[in-house]
Amino acid sequence: MESIYYVLCWHCHRRCKHCYEERFRPYVREELDEVVNEAMRCAPAIIKNFPETMQYLDRDTPDDSTPSGFKLRTGRIIISGGDVLTDPVRERVLYPALEAIRDKYRNNGGVKVIVQTTGDLLTEKILDELLSRGVWSVSAAGIDDYHVGMQGDKKLELAAKLREMFESAGMISVADHDKRRDLDGQGPPVYSMFGATDDAWIGKIWPRGRAWQNSLSKATIKDNFCNAWSGGLGFLEYGYNGSEVSIDPDGNVFPCCLKTARALGNLTEEPLTDILDSLAGHPVFEAINAGKPERMGLTQGQSVSEYLANCYTHTPDGRDYSNLCIGCDAFFRDHLETVLHDLRRQRLGRRLQMIPTHQTS
């Protein structure tokens, strides 16, 4: 698989107004124990149910020397939050998860592990601890004016500090790495720095979480987040380039980072590839896979025009608003509860049939 975006824990040291998930925030005392314990409890089962290999075929790179005719590449697992470098997430959840992922893929094609953090918690000691556990890349994703304390020159100062730290550790920028596609995870570890801007990353801002609550999304009906990376485009085609899914700390699986209104399955109880295989060929999920969410309901009695009519709403501050994600949320809530339940029941039934009788008696 090319990419898994694994949200390890909800805990974060910030409560950014533009965040796409309201559960990313500081937790204290009993609440902190609860989210950390959830992540600790679920992570081993989630990682166990990741694909057996993270290798995939790159259909954009023909290679006559391989049986498939395409270049075989190594996929990535992006470990994110929240912020996974916070205490106590770093020691109790992140480091054991990194070790489990390293062990799972060590002799099975390898994997490129990326740790995503806001950047301001990173130290030389923590960076060394990440690299010693097989981390391939560190991404500082808070270099923008939305993060409190990072406005103006502050973000530039942090970026300069991080760049010096990364390069002192022998890392190279992702831009330099991408000039050499043949490296494909080989060579020195990689760093990147970015943030939420109008023309990059989340762009016009997804209609999700606190960003939605604060009426920050500038997207319109013309902005199809599904038909892009981090959207649903290609999520079912896990053997090939272009496929990514998002995983929550409790194991819930989504076709996009924005997250559909209902999860597709849960990795604490079944393998990811079983879930995706059960959705392949189903018209609803194939429409998402094609980046055309407006066609999800064609076999469920909903026309494209009816879907589009459900894309209109009002922002919390009262403005007219329309986006395909709004229609997707409505369709999942109104039409897919039973569909997803039945697919899950069928998958678990098949798995139960495969268990030898003496193990179920």
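Let's start with a charge over a ring: the charged end of Arg133 sits over the ring of Tyr95, 4.0 Å from its centre. There is a second case to look at, where Lys112 lies over the face of Trp136, at 4.9 Å from the ring centre. Please keep in mind as we go that this is a predicted model.

Now to rings that meet other rings. A pair of aromatic rings is described by the distance of the centres and the angle of the planes. How many aromatic pairs does the count come to? The count is six. One of them joins Tyr20 and Phe24, and this pair is edge-to-face, with 5.6 Å centre to centre and 80° between the planes. Tyr20 and Phe24 are both buried.

Tyr20 also forms an aromatic pair with Trp206, again edge-to-face. Here the centres are 5.3 Å apart and the planes make an angle of 75°. So what does this pair tie together? Tyr20 lies in the loop between strand 1 (3-7) and helix 1 (29-48), while Trp206 lies in the loop between strand 8 (190-193) and helix 6, so the pair links parts that are 186 residues apart in sequence.

Are these two residues buried or exposed? Tyr20 has a relative accessibility of 15%, so it counts as buried. Trp206 is buried too, with a relative accessible area of 9%. If you step back a little, Trp10, Tyr20, Phe24 and Trp206 form one aromatic cluster.

Next, please find helix 7, which covers residues 272-279. This helix is mostly covered, as six of its eight residues are buried. Which ones are they? They are Leu272, Thr273, Ile275, Leu276, Ser278 and Leu279. And what do they pack against? On the strand side, the partners are strand 1, strand 9 (244-247), strand 10 and strand 11 (265-266). Among the helices, the partners are helix 8 (283-289) and helix 11 (337-354). As you leave helix 7, look for Gly281, which follows the helix and has a positive phi, near 90°.

Let's turn to the empty space. Rolling a probe the size of a water molecule over the atoms shows where empty space is left. The structure holds one cavity of 30 Å³ or more. The largest cavity contains about 120 Å³ of space. Of the 14 residues that line this cavity, the closest to its centre are Cys226, Cys256, Leu258, Cys325 and Cys328. Which element gives the largest share of the lining? That is helix 10, with three residues. Sorted by class, the lining of the largest cavity has ten nonpolar, three polar and one charged residues.

Our last stop is the second largest pocket, with a volume of about 360 Å³. It is lined by 19 residues, and the closest to its centre are Glu21, Arg208, Leu258, Lys259 and Thr260. You have already met Leu258, among the residues closest to the centre of the largest cavity.

Helix 6 (209-213), strand 10 (252-254) and helix 10 (324-335) each supply at least two residues of this pocket's lining. Helix 10 gives the most, with three residues. What does the lining of the second largest pocket look like by class? There are nine charged, seven nonpolar and three polar residues.

If you would like one thing to look up afterwards, try the cluster of Trp10, Tyr20, Phe24 and Trp206. Thanks for listening!

Conventions
Residues are numbered from 1 along each chain as its sequence is written. This is a predicted model: local features need pLDDT of at least 70, side-chain atom pairs count only at pLDDT 80 or more; totals for chains, interfaces and linings use all residues. Side-chain values use heavy atoms; hydrogens and water are left out. On a 1 Å grid over the protein atoms alone, a cavity is a set of points where a 1.4 Å probe fits but cannot get out, and a pocket is an open set with protein on both sides within 12 Å along at least five of seven lines; lining residues have an atom within 4 Å of a point. Grid points are joined across faces, edges and corners, and a volume is the space filled by probe spheres set on the points. Helices (H or I, at least four residues) and strands (E, at least two) are DSSP runs, numbered from the N terminus. Ala, Val, Leu, Ile, Met, Phe, Trp, Tyr, Cys and Pro count as nonpolar, Asp, Glu, Lys and Arg as charged, and the others, Gly among them, as polar. Rings of Phe, Tyr and Trp (its six-membered ring) pair if their centres lie within 6.5 Å; planes under 30 degrees apart count as stacked, over 60 as edge-to-face and the rest as tilted. Buried means under 20% relative accessible area, exposed over 50%, partly exposed in between (1.4 Å probe, protein chains only). A charge sits over a ring if NZ of Lys or CZ of Arg is within 6 Å of the ring centre and within 35 degrees of the ring normal. Contact means heavy atoms within 4.5 Å.
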